[in-house]
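Please open the model in your viewer and keep the selection tool at hand. The stops below go from one place to the next, each with something to select and a description of what is there.

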Amino acid sequence: MAFFTVVWKYTDDAELIDQARGPHAAYLKEQVANGVVRVAGPFEDGTGGVLVAEVADRTALKSLLDGDPYVAQGVVVDSQIYPFKPVLGALAG
């Protein structure tokens with residue numbers, strides 16, 4: 001298994017964000033319950049968000065992200081993905 005940090009930038013379309021927020025939150029809660037998403041949250045200014053996922057590989061990560069309503073509905077306009085190796089804290093092995 002591998003960790004990835006995903007940094008998203010959101011659209012400026014507040015109406016689109018509002019429409020997708022409920023399904024997005026439900027999806028992420030399910031992924032947290034499954035142990036796949038380890039931490040997630042928006043930037044305080046609402047322009048984007050960060051999530052840390054533990055998945056088998058980049059293919060599994062792509063599948064996870066593509067299933068998120070924020071991605072599917074066009075809320076995410078830019079996505080940066082970084083392999084991540086936790087060495088301290090709750091996620092460290």
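Begin with the largest pocket of this predicted model, which has a volume of about 310 Å³. To find its centre, select Tyr10, His24, Leu28, Gly41 and Pro42, which are the closest to that centre among the 18 residues that line the pocket. Now colour strand 1 (2-10), helix 1 (14-33), strand 2 (37-42) and strand 3 (48-55), since each of these elements supplies at least two residues of the lining. Which element gives the largest share of the lining? Helix 1 does, with seven residues. If you colour the lining by residue character, you should find twelve nonpolar residues, four polar ones and two charged ones.

Keep Tyr10 selected, and turn to the aromatic rings. A search of the whole structure finds two aromatic pairs. For one of them, select Phe3 and Phe84, whose rings are 6.5 Å apart, centre to centre, with 90° between the planes, an edge-to-face arrangement. This pair links distant parts of the chain, with Phe3 in strand 1 and Phe84 in strand 4, 81 residues apart. Are the two partners buried or exposed? Phe3 counts as buried, at 12% relative accessibility, whereas Phe84 counts as partly exposed, at 35%.

For the other pair, add Tyr70 to Tyr10: the ring centres are 5.2 Å apart and the planes stand at 80°, so this pair is edge-to-face. Tyr10 belongs to strand 1 and Tyr70 to helix 3 (residues 69-72), so the pair ties together parts that are 60 residues apart in sequence. Both Tyr10 and Tyr70 are buried.

Stay on strand 1 and select Thr5, which is found in this strand. Thr5 counts as buried, because its relative accessibility is 14%, and the cut-off for buried is under 20%. Show its surroundings next: leaving out residues up to four places away in sequence, Thr5 touches Val50, Leu51 and Val52, and also Gln80, Ile81, Tyr82 and Phe84. Phe84 is the residue you have already met as the ring partner of Phe3.

Move along to the loop between strand 1 and helix 1, where you can select Thr11 together with Asp13. Thr11 counts as buried at 18% relative accessibility, while Asp13 counts as partly exposed at 37%. Two polar contacts can be displayed here. In one, a polar atom of the Thr11 side chain lies 3.1 Å from the backbone nitrogen of Asp13; in the other, the side chain of Asp13 reaches the backbone nitrogen of Glu15 at 3.2 Å. With neighbours within four places in sequence set aside, Thr11 is in contact with Leu16, Ile17, Gly74, Val75 and Val77. Val75 is also worth a distance label to Asp13, as the two residues are 62 residues apart in sequence but 7.8 Å apart in space, C-alpha to C-alpha.

Then go to strand 4 (residues 76-84) and select Asp78. Asp78 is partly exposed, with a relative accessible area of 36%. Its side chain makes a polar contact with the side chain of Gln80, at 3.1 Å. Which residues does Asp78 contact once its neighbours within four places in sequence are left aside? They are Val7, Trp8 and Lys9. A label drawn from Asp78 to Trp8 should read 5.7 Å between the C-alpha atoms, although the two are 70 residues apart in sequence.

Finish at Asp45, which is found in the loop between strand 2 and strand 3. At 57% relative accessibility Asp45 counts as exposed, because the cut-off for that class is over 50%. Display the side chains of Asp45 and Thr47 to see a polar contact of 2.7 Å between them. As a last step, draw a line from Asp45 to Lys85: these residues are 40 apart along the chain, and their C-alpha atoms are separated by 27 Å.

Methods:
Residues numbered from 1 in each chain as written. Heavy atoms only, no water. 1 Å grid on protein atoms, 1.4 Å probe; cavity = no way out; pocket = protein on both sides within 12 Å on 5 of 7 lines; lining within 4 Å. Points joined across faces, edges and corners; volume = space filled by probe spheres on them. Helix = DSSP H or I, 4+ residues; strand = E, 2+ residues; numbered from the N terminus. Nonpolar A, V, L, I, M, F, W, Y, C, P; charged D, E, K, R; others polar. Buried < 20%, exposed > 50% of the residue type's maximum accessible area, 1.4 Å probe, protein only. Contact = heavy atoms within 4.5 Å. Polar contact = N/O pair within 3.5 Å; in protein donor to acceptor, adjacent residues only side chain to side chain. Phe/Tyr/Trp six-rings, centres within 6.5 Å; stacked < 30°, edge-to-face > 60°.
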